[in-house]
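Reader: I have a model to go through with you. Shall we take it strand by strand and then look at the whole chain?

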Amino acid sequence: MALLTPLFAFLYHLPQVYKWLLKPYYVASLFMSIAFLAVRKTPGICDHLATQREDGNSCDFDWREVEILMFLSAIVMMKNRRAITVEQHVGNIILFSKVANVILFFRLDIRMGLLYLTLCIVFLMTCKPPLYMGPEYIKYFSDKTIDDELDRDSRVTWIVEFFANWSPECQSFASVYADLSLKYNCAGLKFGKVDIGRYGEVSKRYKVSASPLSKQLPSLVLFQGGKEVMRRPQVDKKGRAVSWSFTEENIIREFNLNELYQKSKKLNKTKGDKISQSQFPPGPESESKKDK
């Protein structure tokens with residue numbers, strides 16, 4: 001059952017996975033992930049490769065290669081237990097496939113290992129995963145606008161994500177956060193984001209570490225009346241982030257989004273009535289009353 005659940009989840013999201021795989025980043029990653037398999041199985045190339053098989057068949061995996069692949073497959077399964085989006089699942093598979101390829105190529109021939117490792121480094125420096133471009137109700141802040149916006153209206157509750165574009169965790173969380181903004185955004189409850197990788201001053205001001213080794217990315221902070229009420233992940237006395245899973249269920253529960261939304265709808269309704277009266281023409285019933 002533990003194996004069937006992720007399989008069913010993958011099949012359910014298969015149309016969405018196809019869209020990602022057709023993007024240049026994932027197409028290139030796919031070819032790099034199966035590079036060793038292609039070399040080992042391609043006739044005319046595999047005939048000249050070294051092997052430790054007793055039958056001398058150089059076009060099939062030897063026992064050590066199977067052992068390496070099984071070990072890294074187990075690591076992928078353990079890593080994917082904490083993955084919250086399909087992007088993270090696919091990203092983990094690609095990452096550990098490349099690690100397996102590096103080990104296997106170096107074991108086969110040091111020259112092939114150095115060549116593949118160089119390609120991985122060039123790919124890492126020149127290609128970035130595609131950013132989330134779907135629908136959202138999120139306001140993006142700069143270092144000059146965040147304080148003014150949070151203090152503008154004390155009745156408005158803000159949930160702000162502190163992120164960095166280079167962080168894989170932030171990239172994976174983008175679709176989850178966007179979905180929450182579509183479900184819960186209203187006049188009294190708003191969602192914002194600020195790139196602390198770009199605005200370092202904001203990182204210092206709100207005490208969110210932007211270090212590549214930081215466990216604070218992403219960070220979600222709840223503001224009411226312009227003041228911080230809570231944040232996840234929490235930071236202990238030693239300045240270390242407490243491990244926390246950024247699933248939609250955890251965020252809804254920890255931040256009491258359902259309760260916040262119900263309270264905030266009152267402000268939303270008041271503003272909505274004013275907008276509807278000023279922007280929309282009267283309906284048929286109103287026109288008939290005027291005629292009478």
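Author: This is a predicted model. Start with one pairing: valine 160 stands opposite glycine 192 in E3.

Reader: Which residue of E1 stands opposite glycine 192 in E3?

Author: Strand E1 covers residues 138–141 and is joined to E3 by four bridges. The two strands run parallel. Opposite glycine 192 stands lysine 139.

Reader: How many bridges join E2 to E3?

Author: E2 spans residues 157–163. E2 and E3 run parallel. The number of bridges joining them is seven.

Reader: Why is E3 largely enclosed by the rest of the structure?

Author: E3 consists of residues 189–195. Buried here means under 20% relative accessible area. E3 is largely enclosed because the buried residues number six of the seven.

Reader: Which helix makes a β-α-β unit with E2 and E3, and what is the hand of that unit?

Author: The helix is H9, residues 168–184. With E2 and E3, H9 makes a β-α-β unit that is right-handed.

Reader: What is the helix content of residues 114–134, which UniProt annotates as "transmembrane region"?

Author: The annotation comes from an unreviewed UniProt entry, and it also covers residues 20–39. In the model, the end C-alpha atoms of 114–134 lie 39 Å apart. Strand makes up 0% of the span, and helix 62%.

Reader: What share of the protein chain's residues count as buried?

Author: The protein chain has 13 helices and five strands. It exposes about 18,600 Å², with 60% supplied by carbon and sulfur atoms. Of its 292 residues, the buried share is 38%.

Terms used. Residues are numbered from 1 along each chain as its sequence is written. This is a predicted model: local features need pLDDT of at least 70, side-chain atom pairs count only at pLDDT 80 or more; totals for chains, interfaces and linings use all residues. Side-chain values use heavy atoms; hydrogens and water are left out. UniProt positions are given in the numbering used here, feature names are shortened, and annotations may be inferred rather than shown by experiment. Buried means under 20% relative accessible area, exposed over 50%, partly exposed in between (1.4 Å probe, protein chains only). Two strands pair if DSSP finds at least two bridges between them. A crossover is right-handed if, with the strands pointing away from the viewer, the path from the first strand over the helix to the second runs clockwise. Accessible areas come from the Shrake-Rupley method with a 1.4 Å probe; for residues, only the protein chains shown count as cover.
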